[in-house]
Amino acid sequence: MTEPLLTVRGVKTYYGNIIALKGVDLDVHEGEIVTMIGANGAGKSTLMMTIFGAPQAREGRIVYAGTDITRMPTHMIARMRIAQSPEGRRIFPRMTVLENLQMGAAIDEFAHFDEDLNQVFSLFPRLSERAHQRGGTLSGGEQQMLAIARALMSRPKMLLLDEPSLGLAPLVVKQIFDAIRELNRSQGMTVFLVEQNAFHALKLAHRGYVMVNGLITMSGTGKELLASEEVRAAYLEGGAH
Amino acid sequence: MEVFLQQLINGITLGSIYGLIAIGYTMVFGIIGMVNFAHGDVFMVSAFIAVITFLLLTTWLGIGSIAVVLMICLVSAMVLTSIWNWAIERIAYRPLRGSFRLAPLISAIGMSIFLSNFVQVAQGPRNKPVTPMLRDVITLVKSDTYDVTISYKQIMIWAVTAVLLFGFWYLVQKTSLGRAQRACEQDRKMASLLGIDVDRTISLTFVMGAALAAVAGVMYMVYYGVVSFSDGFTPGVKAFTAAVLGGIGSLPGAVIGGLLIGLIEVFWSAYFTIDYKDVAAFSILVIVLIFMPQGILGKPEVEKV
């Protein structure tokens, strides 16, 4: 197999003296959808932010597209065509939807802004209706769409999504997951997805990891993890709808 | 009525100067949540740069055209003051980023003391006068007892302030540079996730604030015809009051606050007693902080969760 697009090896991250990641290893290959499931506080979002160097890993190594990015400043990592829709969405509340999308295209120098804008608007038609509304006034689902759309505006090779289904109605979740599948299929976009909604995520993903207390405890294909007793007991029972 | 009109004209002129300085406070507060107490002294330094440039051009080079001289003064003050403020941020504030909240504030107070003392030592403690300029007036209203006039320099101050505020507004609202600046103001971490160099954007904010303070510095020199090393403090604190009154973090608020403080000060001097004009202006600060801490335009929009 070829070199993975993203390699994480032995990564340890601390908040002050509190350890959040206790040595994480994972690989994401080009063209894959990989998901990471785990309970609240397991360290999923910390891993997403550590990949972007905010906070930086205290130990271990993160390699993206052949470059060691462990000690790179956050904005330089973003310029390597890796985009993130972060935890809590982090829409710019006092900017319009259009301005939020322009921010997403900031590293691109607006070379193909109109084309990309049309693409995200066809993916999320809701956003084109709201183009001149302030980000802070959107509903939760619309903000989530905007966060993903903003990440797409930089034409990333790899897309990191932190809980895109959080707090959304099932219909909107389906819409967002369909969009992710479509991006992967039609453009071969690599997606790394962190989810609590394990059932949907594992159905969507090619491969998955399970994180418990800052450590990866299981990995396998989406189907294997869906079938696993432990995963079913911990993350799916009563939640498979 | 005539007195009122005249004071209105004077108040708007003074308020324009306060407004220009207030923008520097409000922008820096908006982006890094710090009150840059050295900003008033940056304004004073810019006024000195303007005076020195003015004297160089008029006495040494003998340039007669006042328009040319003022234009060169304005440009050189804006450029040099921007460099000053850029350096101040690099030396005194950036190393303290991520430190406890009071650290950059204390550093700013130190920088303020340094700047006024530096100018006192380098330029001497005495007032520096320049030859009065643009003294002609246009009479707007004539009456037996009182003529309402507007001087050329007041017209110039209004015009330059309006043009530069518009240019500045355009820069912040319509260009990608300004958009990056606003993004950092709203969510620094997210801006960096999108590839924005936050440190560079913060430097840029200091440069923009200094450039506008330099405009105020040149206007101050033209209006009063004299500058002193201690001129940073009082206008600085008044501009800070203006920023708080308008709603700190809000750019239009800074301009509105500046105009209000200018008007309050001038009307107080005209109708009550000139000795207490600073008391009047600062009482506003106290009253605003107690009853309306968010200011006039602070945090206007409802944000959904």
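1. In which sense do β4(A) and β5(A) pair, and over how many bridges? The two strands pair in the antiparallel sense, over 2 bridges. They form a hairpin with 2 residues between them. In the turn, A65(A) has a positive phi of about 50°. V63(A) has D68(A) as its bridge partner in β5(A). All of this is read from a predicted model.

2. Confidence comes next. The model scores ipTM 0.92 and pTM 0.87. For chain B the average pLDDT is 89, and 98% of the residues score at least 70. Residues 300–305 of chain B should be read with that score in view: pLDDT stays under 50 there. For this stretch the model has 7 contacts beyond four places in sequence.

3. The hairpin of point 1 belongs to an open sheet of chain A. This sheet has 4 strands in the order β2-β1-β4-β5, with antiparallel pairing. Its edge strands are β2 (18–28) and β5 (67–68) of chain A, each of which pairs on one side only. Further in, strand β1 (residues 6–15) of chain A runs antiparallel to strand β4 (residues 59–64) of chain A, and 5 bridges join them. Two positions show how this pair lines up: L6(A) stands opposite Y64(A) in β4(A), and R9(A) stands opposite R61(A) in β4(A). Helix α1 (residues 44–51) of chain A lies across β1, β2 and β4 of chain A. This helix runs at about 70° to β2(A).

4. Chain A also has an open sheet of 6 strands, in the order β6-β7-β8-β3-β9-β10, and here the pairing is mixed. Why is one side of β6 (82–85) and of β10 (215–221) of chain A left without a neighbour in the sheet? Both strands stand at the edges and each has a single partner strand, so one side of each is left without a neighbour. On average, neighbouring strands of this sheet are turned by 15° against each other, direction ignored.

5. Inside that sheet, strand β3 (residues 33–38) of chain A and strand β8 (residues 190–195) of chain A pair in the parallel sense over 5 bridges. Within β8(A), V194(A) is the bridge partner of M36(A). A helix accompanies this sheet as well: α6 (residues 140–152) of chain A lies across β6 and β7 (158–162) of chain A. It runs at about 170° to β6(A).

6. How do the chains meet? In the model, 22 residues of chain A are in contact with 19 residues of chain B. On the side of chain A that touches chain B, the elements that give two or more residues are α2 (74–78) and α3 (97–104) of chain A. Of the elements there, α3(A) gives the most, with 4 residues.

7. Chain B carries record annotations. An unreviewed UniProt entry lists several spans of chain B under "transmembrane region", among them residues 42–60, 100–119, 155–172 and 202–223. Two of these can be set beside the model. Residues 42–60 of chain B are 100% helix and 0% strand, and the end C-alpha atoms lie 26 Å apart. Residues 100–119 of chain B are 90% helix and 0% strand, with end C-alpha atoms 30 Å apart.

8. The largest nonpolar core has 157 residues. Those with the most contacts inside it are A149(A), V215(B), A216(B) and V218(B). Helix α8 (residues 198–224) of chain B gives the most to this core, with 17 residues. Leaving aside neighbours within four places in sequence, A216(B) is in contact with I17(B), L20(B), I21(B) and F43(B).

9. Is V163(B) buried or exposed? With 11 other C-beta atoms within 10 Å, V163(B) is exposed, because a residue counts as exposed at 12 or fewer. V163(B) is found in helix α5 (residues 152–174) of chain B. From S151(B) it is 12 residues away in sequence and 18 Å away in space, C-alpha to C-alpha.

10. Chain B has strands too. Strand β2 (residues 137–141) of chain B pairs with strand β3 (residues 148–151) of chain B in the antiparallel sense, over 4 bridges. A hairpin joins β2(B) to β3(B) through 6 residues. In β3(B), T149(B) is the bridge partner of T139(B).

Definitions and conventions: Residues numbered from 1 in each chain as written. Chains lettered and ligands numbered in written order. Predicted model: local features only at pLDDT ≥ 70, side-chain atom pairs only at ≥ 80, totals over all residues. Core = buried A, V, L, I, M, F, W, Y, C linked by C-beta atoms within 7 Å. Buried ≥ 20, exposed ≤ 12 C-beta atoms within 10 Å, placed from the backbone. Contact = placed C-beta atoms within 7 Å. UniProt positions renumbered as here; feature names shortened; annotations may be inferred. Pairing = 2+ DSSP bridges. Axes fitted to C-alpha atoms, helices over the stretch in contact; angles between N-to-C directions. pLDDT = per-residue confidence, 0-100.
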